[in-house]
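Colleague: I would like to take a close look at one part of this predicted model, and I would be glad of a careful, connected account that a first-year student could follow.

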Amino acid sequence: MDQTSARSLALHERMHGKIEVVSRKPIETNDDLALLYTPGVAEPCRQIQADYQRSWDLTRRSNLVAVITDGTAVLGLGDIGAAAGMPVMEGKCALFKEFGDVDAFPICVDTHDTDEFVRTVQLISKSFGGINLEDIAAPRCFEIERRLQDLCDVPVFHDDQNGTAIVVAAALENALRVTGKPKGSLRIAMSGAGAAGIAIATLLTHMGFGNVLLCDRKGIICEGDEGLSAGKAEASRFTNADHERGTLADAMRGADVFIGVSGPGLVTREMVASMNDGIVFALANPTPEIMPDEAAAAGATVIGTGRSDFPNQINNVLVFPGIFKGALAARAPKITRAMEVAAARAIAAHVSDADLAPDHIIPSALDKSVADVVARAVAENVEG
């Protein structure tokens, strides 16, 4: 156990959890009790019974997000179970509050059955203003998100997919500002074709960055390959425009950008050196696909990781507090592609031309002003 892990364990043991429920009005008199509970509370109940939309005005759901997992893909730990995922869900709730002033509540659903999970979340959705899905393994996460978006009347967002895609898009926008590489004609090699990888490829393609070569353990994914999962098959239809085949090393040869959401040490100096003055986002945690010093020595021009101890930390905390804050403020029923693009561009624009540099392409993960910037951009792009 390293020092950080030991200190974190001691902190959790001391605190017995990272969040708590606090009353928004003290109960000190009989009148307080009558207003907040019985008999006075009956009138808000009747109002909501008569008009469902009044639930947004008369309860906390207008600022309340459920952070929900089944424990099947927690951090880099894999399928550790619902209860073991609770510390991460609590942490996510703390980040919602600290960075976006959005209340959030952790819910760990103890099932691997997709129908049961979807039905459970649907049934509790009326208690919340939004649903943040967390740490659910691919390929189930795609179906779960899609079905819940259809069934629920509040935004449903899988942060591991779409939050990651948004922050990567923001970082890439600014990496292009630094390097002068032309958007639209980029060759983008990607390692990792799970939930995050497919979502990144989808958003970057939608935003017109260029041709994405998405690689899994077998190599470059190509339309028509046998044995592809549903998510990979769908991604193959809009990636790899020239139907190339080969390894990750082949994909990186001549590439302008490398994005890794896979595993440690999968990229060598030689692979980076074969790129076209490459932009390298090695996001595997805790050990990236290639360490920043190795990538720099091989000629990478801009380097980002998911770690806080290196420059250019590409972290989802820049996304989810603001995107939900904006969606809740606008009472958006869904988080759309337009809202995601607006969030990415808002994060990128938060780094001024004066501050932009190869080692500063993304705001600090601790910059709490980002959430408001993202929230405004998201609210302005709610459809209807």
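By class, how many nonpolar, polar and charged residues does the lining of the largest cavity have? Please begin there, and then follow the surroundings outwards.

Modeller: By class, the lining of the largest cavity has seven nonpolar residues, one polar residue and one charged residue. Please keep in mind throughout that the model is predicted. A search of the whole structure finds one cavity of 30 Å³ or more, and the space in this largest cavity comes to about 50 Å³. The residues that line the largest cavity are Phe99, Val317, Leu318, Pro321, Gly322, Ala365, Asp367, Val370 and Ala371. The elements that give two or more residues to this lining are α14, which covers residues 320-329, and α16, which covers residues 370-380.

Let us take α16 to begin with. Two residues of the cavity lining, Val370 and Ala371, are among the buried residues of α16, and that list also includes Val373, Val374, Ala375, Ala377 and Val378. The buried residues of α16 pack against α5, α14 and α15, the last of these being residues 337-349.

Val319 offers another view of these surroundings, and it is found in the loop between β10 (302-305) and α14. Val319 counts as buried because its relative accessibility is 0%, and buried means under 20%. Leaving out residues up to four places away in sequence, Val319 touches Phe157, Gly163, Ile166, Val167, Ile347 and Val374, and Val374 is one of the buried residues of α16. Val319 and Val370 are 51 residues apart in sequence, while their C-alpha atoms are 8.3 Å apart in space.

Leu95, in helix α5, brings us to another contact with the cavity lining. Leu95 counts as partly exposed because its relative accessibility is 31%, which lies between the 20% limit for buried and the 50% limit for exposed. Apart from its neighbours within four places in sequence, Leu95 is in contact with Gly100, Val317, Phe320 and Pro321, and of these Val317 and Pro321 appear in the lining of the cavity. Leu95 and Val317 are 222 residues apart in sequence, yet the distance between them in space is 7.3 Å, C-alpha to C-alpha.

Phe320, which Leu95 contacts, also belongs to a cluster in which ring pairs link Phe96, Phe157, Phe320 and Phe324. A search of the whole structure finds three aromatic pairs. In one of them, the rings of Phe157 and Phe324 have their centres 5.9 Å apart and their planes at 90°, so this pair is edge-to-face. The pair links distant parts of the chain, since Phe157 is in strand β4 (residues 156-158) and Phe324 is in helix α14, 167 residues apart. Phe157 counts as buried because its relative accessibility is 1%, and Phe324 is buried too, with a relative accessible area of 0%.

Phe99, another residue of the cavity lining, has a charged partner, for Lys368 lies over the face of the Phe99 ring at 5.6 Å from the ring centre. A further arrangement of this kind involves Arg61, whose charged end sits over the ring of Trp56, 4.4 Å from its centre.

Helix α5 also leads to the second largest pocket, because α5 gives the most to its lining, with six residues. About 960 Å³ of space lies in this pocket, and 29 residues line it, with Val21, Val22, Arg24, Arg60 and Asp103 lying nearest its centre. Each of α2 (30-36), α3 (42-50), α4 (55-58), α5 (86-100) and β2 (103-108) supplies at least two residues of the lining. By class, the lining of the second largest pocket divides into 18 nonpolar, two polar and nine charged residues.

One last detail concerns the loop between α5 and β2, where Asp101 is found. Phi of Asp101 is near 55°, a positive value in a residue other than glycine, and Asp101 counts as partly exposed because its relative accessibility is 47%.

How values were computed. Residues are numbered from 1 along each chain as its sequence is written. This is a predicted model: local features need pLDDT of at least 70, side-chain atom pairs count only at pLDDT 80 or more; totals for chains, interfaces and linings use all residues. Side-chain values use heavy atoms; hydrogens and water are left out. On a 1 Å grid over the protein atoms alone, a cavity is a set of points where a 1.4 Å probe fits but cannot get out, and a pocket is an open set with protein on both sides within 12 Å along at least five of seven lines; lining residues have an atom within 4 Å of a point. Grid points are joined across faces, edges and corners, and a volume is the space filled by probe spheres set on the points. Helices (H or I, at least four residues) and strands (E, at least two) are DSSP runs, numbered from the N terminus. Ala, Val, Leu, Ile, Met, Phe, Trp, Tyr, Cys and Pro count as nonpolar, Asp, Glu, Lys and Arg as charged, and the others, Gly among them, as polar. Rings of Phe, Tyr and Trp (its six-membered ring) pair if their centres lie within 6.5 Å; planes under 30 degrees apart count as stacked, over 60 as edge-to-face and the rest as tilted. Buried means under 20% relative accessible area, exposed over 50%, partly exposed in between (1.4 Å probe, protein chains only). A charge sits over a ring if NZ of Lys or CZ of Arg is within 6 Å of the ring centre and within 35 degrees of the ring normal. Contact means heavy atoms within 4.5 Å.
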